[in-house]
Amino acid sequence: MEGAGVRLVSGDVADTDAVADLAAGHDAAIMAAYDASAQPDVFFTAAARALLDGLARARVGRLVAVGLAATLETTEGHS
């Protein structure tokens, strides 16, 4: 949702250049990404590295990451 002072953009969260380009000129970033086809350890590691490097390059010092842990099943099979 977009509103006063908020702009919704999308791109490859695992691509440092894309993160830097999209974040340029902003005060903060919110990352809400998930790729069901990727291995979580590979996807989230690549995303973390790209966000750290890309946001630093764009001089964006604030990041909020929204996770999906609330939707994961426990060992008992409950979410």
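Me: Accessible areas here are obtained by the Shrake-Rupley method with a 1.4 Å probe. What share of the accessible surface of the chain belongs to carbon and sulfur atoms?

Reply: The model is a predicted one. Its chain has an accessible surface of about 6000 Å². Of this surface, the part that belongs to carbon and sulfur atoms is 55%.

Me: What pattern does the chain follow when read along the sequence?

Reply: The chain contains 2 helices and 2 strands. The helices are α1, residues 16–23, and α2, residues 40–57; the strands are β1 (29–31) and β2 (63–65). Read along the sequence, these elements give the pattern α-β-α-β.

Me: Which element gives the most residues to the largest nonpolar core?

Reply: This core has 12 residues in all, among them Val13, Val19, Met31, Phe43, Leu51 and Val60. Two or more residues come from each of α1, β1 and α2. With 5 residues, the element that gives the most is α2.

Me: What percentage of the residues in the chain is buried?

Reply: A residue counts as buried when its relative accessible area is under 20%. Phe43, at 13%, is therefore buried. Of the 79 residues in the chain, the buried ones make up 19%.

Me: With which residues is Met31 in contact, leaving aside its neighbours within four places in sequence?

Reply: Met31 is a member of the largest nonpolar core, as are Val13 and Leu51. Both Val13 and Leu51 are in contact with Met31. Val64, another contact of Met31, lies in strand β2. With those neighbours left aside, the full list of contacts is Val13, Leu51, Leu63, Val64, Ala65 and Val66.

Me: Which two residues form the salt bridge, and how many residues apart in sequence are the parts that the pair ties together?

Reply: A search of the whole structure finds 1 salt bridge, in which the side chains of Asp17 and Arg57 meet at 2.7 Å, N to O. Asp17 belongs to helix α1 and Arg57 to helix α2, so the pair ties together parts whose separation in sequence, in residues, is 40.

Me: Is Asp17 buried, exposed or partly exposed?

Reply: The limits are under 20% relative accessible area for buried and over 50% for exposed. Asp17 has a relative accessibility of 44%, which means that the residue counts as partly exposed.

Me: What is the geometry of the aromatic pair of Phe43 and Phe44?

Reply: The structure holds 1 aromatic pair. Phe43 and Phe44 form this pair, with 4.9 Å from centre to centre and 75° between the planes. Planes over 60 degrees apart fall in one class, so the 75° of this pair makes the geometry edge-to-face.

Me: Why is the phi of Arg59 notable, and what is its value?

Reply: Most residues other than glycine have a negative phi. Arg59 is not a glycine, yet its phi is positive. The residue is found in the loop between α2 and β2 and counts as exposed, at 77% relative accessibility. The phi of Arg59 is about 60°.

Me: Which residues form the nonpolar patch on the surface?

Reply: The patch has about 290 Å² of accessible area together. One of its members lies in strand β2 and is partly exposed, with a relative accessible area of 48%. The residues of the patch are Ile30, Val64 and Val66.

Me: What distance separates the C-alpha atoms of Gly5 and Asp27?

Reply: Gly5 lies in the segment before α1 and is exposed, at 85% relative accessible area. Along the chain, Gly5 and Asp27 are 22 residues apart. Their C-alpha atoms are separated by 9.9 Å.

Conventions:
Residues are numbered from 1 along each chain as its sequence is written. This is a predicted model: local features need pLDDT of at least 70, side-chain atom pairs count only at pLDDT 80 or more; totals for chains, interfaces and linings use all residues. Side-chain values use heavy atoms; hydrogens and water are left out. A salt bridge is a side-chain nitrogen of Lys or Arg within 4 Å of a carboxyl oxygen of Asp or Glu. Helices (H or I, at least four residues) and strands (E, at least two) are DSSP runs, numbered from the N terminus. Buried means under 20% relative accessible area, exposed over 50%, partly exposed in between (1.4 Å probe, protein chains only). Rings of Phe, Tyr and Trp (its six-membered ring) pair if their centres lie within 6.5 Å; planes under 30 degrees apart count as stacked, over 60 as edge-to-face and the rest as tilted. A nonpolar core is a set of buried Ala, Val, Leu, Ile, Met, Phe, Trp, Tyr and Cys residues joined through side-chain atoms within 4.5 Å. Contact means heavy atoms within 4.5 Å. Patches are made of residues with over 30% relative accessible area and no salt bridge: like charges are joined within 9 Å, nonpolar side chains (Val, Leu, Ile, Met, Phe, Trp, Tyr) within 5 Å.
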